[in-house]
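Student: Please take me through one small part of this model slowly. I'd like to know what sits around it and how it ties in with the rest of the chain.

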Amino acid sequence: DMIYAKDREGRLLYANPTTARVLGRPVEELIGRSEADWAREAAQAEAIAAADRRVLSGRAQEIVEEPFT
């Protein structure tokens, strides 16, 4: 399973080896960077950021699936 933690600006604070493998980059290249830096497509980065904003708004719980292609 991918396990990671982000700050409120979407920068990765922690990423496990599975996260690095799925994203195709070493952990060292992911820490401190947001999906805008590592997503393969701008639309994918925006979808992830939008889901983060909804979750952080605290209005409701939701299950978020983020496809990584």
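Tutor: Let's start with a word we'll need: a residue is buried if its relative accessible area is under 20%, exposed if over 50%, and partly exposed in between (1.4 Å probe, protein chains only). Keep in mind that this is a predicted model, where local features need pLDDT of at least 70 and side-chain atom pairs count only at pLDDT 80 or more, while totals for chains, interfaces and linings use all residues. Residues are numbered from 1 along each chain as its sequence is written, and side-chain values use heavy atoms, with hydrogens and water left out.

Now zoom in on Asp7. You'll find Asp7 in the loop between β1 (4-6) and β2 (12-15); helices (H or I, at least four residues) and strands (E, at least two) are DSSP runs, numbered from the N terminus. With a relative accessible area of 18%, Asp7 counts as buried. Its side chain makes a polar contact with the side chain of Arg11 at 2.8 Å. By polar contact I mean a pair of N or O atoms within 3.5 Å; within protein, one must be able to donate a hydrogen and the other to accept it, and residues adjacent in sequence count only if both atoms are side-chain atoms. Another neighbour is Glu9, whose backbone nitrogen lies 3.0 Å from a polar atom of the Asp7 side chain.

Stay in that loop and look at Gly10, which also belongs to the stretch between β1 and β2. Gly10 is buried too, at 7% relative accessible area. Leaving out residues up to four places away in sequence, Gly10 touches Arg33, Ser34 and Glu35, where contact means heavy atoms within 4.5 Å. Gly10 and Asp52 are 42 residues apart along the chain, yet their C-alpha atoms are separated by 7.5 Å.

Follow the contact to Glu35, which is in helix α3 (residues 35-38). Glu35 is buried, with 6% relative accessibility. Its side chain makes a polar contact with the side chain of Lys6 at 3.0 Å. Beyond four places in sequence, the residues Glu35 touches include Lys6, Gly10, Ala45 and Asp52.

On the strand before the loop, try Tyr4, found in β1. At 31% relative accessibility, Tyr4 is partly exposed. Tyr4 and Ala15 are eleven residues apart in sequence, and 4.3 Å apart in space, C-alpha to C-alpha. With the four-place rule again, Tyr4 touches Leu12, Tyr14, Ala15, Thr19 and Glu66.

Two of those partners, Leu12 and Ala15, are among the nine residues of the largest nonpolar core. The elements that give two or more residues to this core are β2, α1 (17-23) and α4 (42-57). Such a core is a set of buried Ala, Val, Leu, Ile, Met, Phe, Trp, Tyr and Cys residues joined through side-chain atoms within 4.5 Å.

How far can you trust all this? The mean pLDDT (the predictor's confidence in each residue, from 0 to 100) is 89 for the chain, and 96% of its residues reach 70 or more. Among the elements, β2 has the highest mean, 96, and α4 the lowest, 89.
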